[in-house]
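Student: I have a model open and would like to test its labels against their definitions. Could we go through some together?

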Amino acid sequence: MLLTMSMVPVLAQEITSKVTVYEEFKPALIELTDGRVLSQPFANVFLKNGRLLYKRGTTTMEANMDNIASVKFDDRHYQKIDTLLAYPVDSLGLVYCADLMDLEAYRGMLVNNKQLTNIELGGSMVNTTAVDLDSDAASKMPIKNMYFLKFQGKFLLAHERVIQHKLSKSQRRIFNTIISTEGFKWTDPDSLLRLLQAIDK
């Protein structure tokens, strides 16, 4: 594999100090786009961009996602969608999720963690002194869940405009009814599965 990131955040759901899905690199079976299957003893998923990482000696490498179709760990089977690795979150394999670092929320968290303790005005300059309220904040990374739907053999980002664009007139009527139902959430796998089953008939 050769050395060698896209889409919109859906939900910041948890906080982690890790940069990979698994704390330790572990064995995985990697299916390539040409059908070959490779066994990789030390693999992981990078939370920064959803790509596959693997060890070569003591060096951590980022895989060329163009060559990868899927990655199977002992607890989870990832499908490559665009350049991301996503895993099914329903029993039918129709709703998929990719876990990614929410860098925008992280930047906001760091800014909100600082408290101004002194402001000095002098001529055209403003000097400020700040302290960190939570010394551990820099090591806590918000994680967003990006959802995809497997619709008519293709993976679509779970987003109103993206999906609506692919629907017929009759499907759009059903679509609009479902998403306006009380309790429907674009960040809830059950809601997404219900939507998909209603429009994919």
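Tutor: Happily! This is a predicted model, and the protein in it has four helices and 13 strands. Buried residues make up 40% of its 201 residues.

Student: Let's take K26 in strand β2 (residues 26-32). Why is K26 called buried?

Tutor: Buried means under 20% relative accessible area. K26 has 18% relative accessibility, so K26 counts as buried.

Student: What makes the link between the side chains of K26 and D74 a polar contact?

Tutor: The cut-off for such a pair of N or O atoms is within 3.5 Å. The side chains of K26 and D74 make their contact at 2.8 Å, so the pair meets that distance limit. D74 is also one of the residues in contact with K26 beyond its neighbours within four places in sequence, along with others including F42 and F73.

Student: And how do you know that the charged end of K26 sits over the ring of Y22?

Tutor: The distance part of the rule asks for NZ of Lys within 6 Å of the ring centre. For K26 and Y22 the distance is 3.9 Å. The charged end of R76 sits over the ring of Y87 in a similar listing, 3.7 Å from its centre. Y22 and Y87 also belong to a cluster linked by ring pairs, together with F73 and Y78.

Student: Why are strands β4 (residues 52-56) and β5 (residues 59-62) said to pair?

Tutor: Two strands pair if there are at least two bridges between them. Four bridges join β4 to β5, which run antiparallel, so the condition is met. The bridge partner of L53 in β5 is E62. The two strands form a hairpin with two residues between them, and G57 in the turn has a positive phi of about 70°.

Student: Now the aromatic pairs, of which there are six. What makes the pair of F175 and W186 tilted?

Tutor: Their centres are 6.1 Å apart, and rings pair within 6.5 Å. The angle between the planes is 50°; under 30 degrees would be stacked and over 60 edge-to-face, so tilted is the label left. F175 lies in helix α3 (residues 169-179) and W186 in the loop between α3 and α4 (189-199), 11 residues apart.

Student: Then why is the pair of F184 and W186 called edge-to-face?

Tutor: Here the planes are at 90°, with 5.2 Å centre to centre. Over 60 degrees counts as edge-to-face, so the label follows.

Student: Are F175 and F184 buried or exposed?

Tutor: F175 counts as buried because its relative accessibility is 0%. F184 is buried too, with a relative accessible area of 11%.

Terms used:
Residues numbered from 1 in each chain as written. Predicted model: local features only at pLDDT ≥ 70, side-chain atom pairs only at ≥ 80, totals over all residues. Heavy atoms only, no water. Buried < 20%, exposed > 50% of the residue type's maximum accessible area, 1.4 Å probe, protein only. Polar contact = N/O pair within 3.5 Å; in protein donor to acceptor, adjacent residues only side chain to side chain. Contact = heavy atoms within 4.5 Å. Lys NZ or Arg CZ within 6 Å of the ring centre and 35° of its normal.
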